[in-house]
Amino acid sequence: WLGSQLLAGYEEFVEHLVAASFLTSAPFETPTSPQVGLCRMCWLLDAFDWEREPFVVDFDGKLAAEERLAIRRSFERSRSDATSTSSFWIASRFDPHAILLPCPPATVSLWLRRRAK
């Protein structure tokens, strides 16, 4: 889908969103097909509060409360700095400061979220 939008280089970003769609499917049931997974990814792009909440992907279900708190603090620090070039902020136990995953810049983020509706 992202390729059809003429955006390349953000495959890992999309993989994290799709993984989250299958791993933490609330408020829905776990997707049962790739098409439903794509729809959930688009719903996440549109519905998630990217400006005020860190998007945390718990790949193995072992993310402790202390780790979640550290991720929250890292997110708040990054948002207090005016140097952020993306409105997306995706973290995991393996990348708690969201520095390894390339995310689209803010202008592309806004456009992508509108397209996801």
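This is a short tour of one protein chain, stop by stop, with something to select at each.

**Before you click**

You're looking at a predicted model, where local features need pLDDT of at least 70, side-chain atom pairs count only at pLDDT 80 or more, and totals for chains, interfaces and linings use all residues. Residue numbers start from 1 along each chain as its sequence is written, and side-chain values use heavy atoms, with hydrogens and water left out.

**Stop 1: the whole chain**

Start with a cartoon of everything. You should find 4 helices and 2 strands, running α-α-β-α-β-α along the sequence. The radius of gyration is 14 Å, close to the 13 Å from the globule rule for 117 residues, so the chain is as compact as a globular protein of that length. Here the radius is taken over C-alpha atoms, and the globule rule is 2.2 Å times the number of residues to the power 0.38. Helices (H or I, at least four residues) and strands (E, at least two) are DSSP runs, numbered from the N terminus.

Show just the C-alpha atoms, and they fill a box of roughly 35 × 30 × 20 Å along the principal axes. Now switch on a surface: the chain exposes about 7,100 Å², with carbon and sulfur atoms supplying 57% of it. Those areas come from the Shrake-Rupley method with a 1.4 Å probe; for residues, only the protein chains shown count as cover.

Colour by burial next. Of the 117 residues, 38% count as buried. Buried means under 20% relative accessible area, exposed means over 50%, and partly exposed is in between (1.4 Å probe, protein chains only). If you draw contacts (heavy atoms within 4.5 Å), then among those between residues at least 6 apart in sequence, 54% join residues at least 24 apart.

**Stop 2: helix α4**

Select residues 106-116, which make up α4. Which of its residues are buried? They are Val 108, Ser 109, Leu 112 and Ala 116. These cover an arc of only 105° around the axis, which puts them on the same side of α4; the arc is that of the directions from the helix axis to the C-beta atoms. Add α1 (11-23) and α2 to the view, since what covers the buried residues of α4 includes both. Then spin round to the face turned away from the buried side, where you'll meet the exposed residues Thr 107 and Arg 114.

**Stop 3: Cys 42 in α2**

Move to residues 34-47, helix α2, and pick out Cys 42. Cys 42 is buried, at 12% relative accessible area. Put a distance label from its C-alpha to that of Arg 113: the two are 71 residues apart along the chain, yet separated by 7.9 Å.

**Stop 4: Pro 31, between α1 and α2**

Pro 31 is in the loop joining α1 and α2, and at 7% relative accessibility this proline counts as buried. What does Pro 31 touch, beyond neighbours within four places in sequence? Select Ser 21, Phe 22, Ser 25, Val 36, Gly 37 and Arg 40 to see the set. C-alpha to C-alpha, Pro 31 and Ser 21 are 7.5 Å apart.

**Stop 5: Ser 92 in β2**

Strand β2 covers residues 90-92, and Ser 92 is in it. Its relative accessible area is 3%, so Ser 92 is buried. Leaving out neighbours within four places, its contacts are Val 57, Phe 59 and Ile 71.

**Stop 6: the loop between β2 and α4**

Two residues here are worth a click. Phe 94 sits in this loop; is it buried or exposed? Phe 94 is exposed, with a relative accessible area of 52%. Apart from neighbours within four places, Phe 94 is in contact with Phe 59, Asp 60 and Leu 100. For a long-range label, try Ala 26, 22 Å from Phe 94 by C-alpha atoms and 68 residues apart in sequence.

Ala 98 belongs to this loop too, but at 18% relative accessibility Ala 98 counts as buried. Not counting residues up to four places away, Ala 98 touches Trp 89, Ile 90 and Ala 91. Pro 54 is 44 residues from Ala 98 in sequence, with 9.3 Å between their C-alpha atoms. Check the backbone before you leave: phi of Ala 98 is near 55°, a positive value in a residue other than glycine. Most residues other than glycine have a negative phi.
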